[in-house]
Amino acid sequence: MLNKIVDVIVDRPLYSVHPKHKDIVYELNYGYIPNTISPVDKEEIDAYILDVDTPVQSYRGKVIAIIHRFGDEDKLIVSNKSFSKEEIYKKTYFQEQYFKSYIEMTFTKKEDILFDLKQNGFKKTDAVLLHSSLKSFGAIEGKDIIEAFKEFFSSGLVIFPTHTWSTITKNEDVFDVKKTPSCVGALTNLALKDPDFKRSVHPTHSVCAYGKNQEAYLKLDLNQSTPVSPTGCFGSLWKMNAKILFLGVPLSKNTMIHSIEEEMQVPDRFTEEIYHFTSIGYDTTYSYFMPRHYSTKREHLSENYAKLLPHLLEYKIAEEIYIGNSKTILVSAKLCYDYVKYILSKNIHLFDNDKEYEDDESYKKTKQ
């Protein structure tokens, strides 16, 4: 119902008292949309009216946001004026403080992303790697997402994967840090156009980064001889205690796991052929000699990484949050590294298929 014009019948006007919880006084006009049915309680859909500061009996306005309560019915935010996510949060807090929820906006702005990052406990000094789907954010300018992350993590490090494995595929192919587009999403290519970001010279699995220790981090991809080396930009994330965000994309995009598989010497992961790639950097040209990812099991073996999700959530290695309108999986690189190494030590072929698995009791005991 986002962006629709609705009529609200107010049955709990401003300053009224909650019929069951007498300690709750309504700081907004609150009512329902006639001729609608909530799938949760089978009653009319409820709505807060934000831009009226006197008690009213009815109101016509636009649905500018929706509060999605987990395990409960949604609440519409109706107004004929614009409000930020933080303003909506504060105005509805008198009642919404008792529920876990997230706010879906009609149009998300930079300030809304900043609010979400703060609300979800990020620190300005964090290193964050962003696997992303721009579409998952809904209506927003992509540059606002990038600017928000740059501003919030001004004392940390913001990293985007800027892979070219789908285009740098043949022997003697040439990769150019300034010209070769990323094959992993619109947001990554917007980051490449931002002059504050710099890119590593890895020919197939480069990253771009902005922030503290940018140069030292990007140098990790120099002189590598595999697609995702344990000592490269992805393989070093756990040492940095980085946070990995899957913004509207599945855990199958977890490039770091390639480096763990390499460290654990999982068989059947590379081509027999060694390719020669040339990387044109900002000042120097580099030669790389390396195999490409390949498995006899399936074309994109990383799709099997998705089965990790319920286990990472169970052990608090990952959590589900919302950044903007994007459902996001937040993963601790260090904890994920420890866990994946452990399960591969028990079954080196775990990711050869997409079958679900159960943790043995020994890992659970290490967490007790």
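Select first the lining of the largest cavity, which by class holds 2 nonpolar, 2 polar and 3 charged residues. Here Ala, Val, Leu, Ile, Met, Phe, Trp, Tyr, Cys and Pro count as nonpolar, Asp, Glu, Lys and Arg as charged, and the others, Gly among them, as polar.

The model is predicted: local features need pLDDT of at least 70 and side-chain atom pairs count only at pLDDT 80 or more, while totals for chains, interfaces and linings use all residues. Residues are numbered from 1 along each chain as its sequence is written, and side-chain values use heavy atoms, with hydrogens and water left out.

The residues to highlight are Val228, His258, Glu261, Glu262, Arg269, Phe270 and His293. They surround a volume of about 40 Å³. A cavity is a set of points, on a 1 Å grid over the protein atoms alone, where a 1.4 Å probe fits but cannot get out; lining residues have an atom within 4 Å of a point. Grid points are joined across faces, edges and corners, and a volume is the space filled by probe spheres set on the points. The count comes to 2 cavities of 30 Å³ or more.

Next, select Pro230, Gly235, Trp238, Met256, Ser259, Ile260, Glu263 and Tyr337, which line the second largest cavity. Its space is about 30 Å³. Helix H6 (residues 256-263) gives the most to this lining, with 4 residues; helices are DSSP runs (H or I, at least four residues), numbered from the N terminus.

Finally, turn to Lys85 in helix H1 (residues 85-96). Lys85 counts as buried because its relative accessibility is 2%, buried meaning under 20% relative accessible area (1.4 Å probe, protein chains only).

Note on methods: 1 Å grid on protein atoms, 1.4 Å probe; cavity = no way out; pocket = protein on both sides within 12 Å on 5 of 7 lines; lining within 4 Å. Helix = DSSP H or I, 4+ residues; strand = E, 2+ residues; numbered from the N terminus. Buried < 20%, exposed > 50% of the residue type's maximum accessible area, 1.4 Å probe, protein only.
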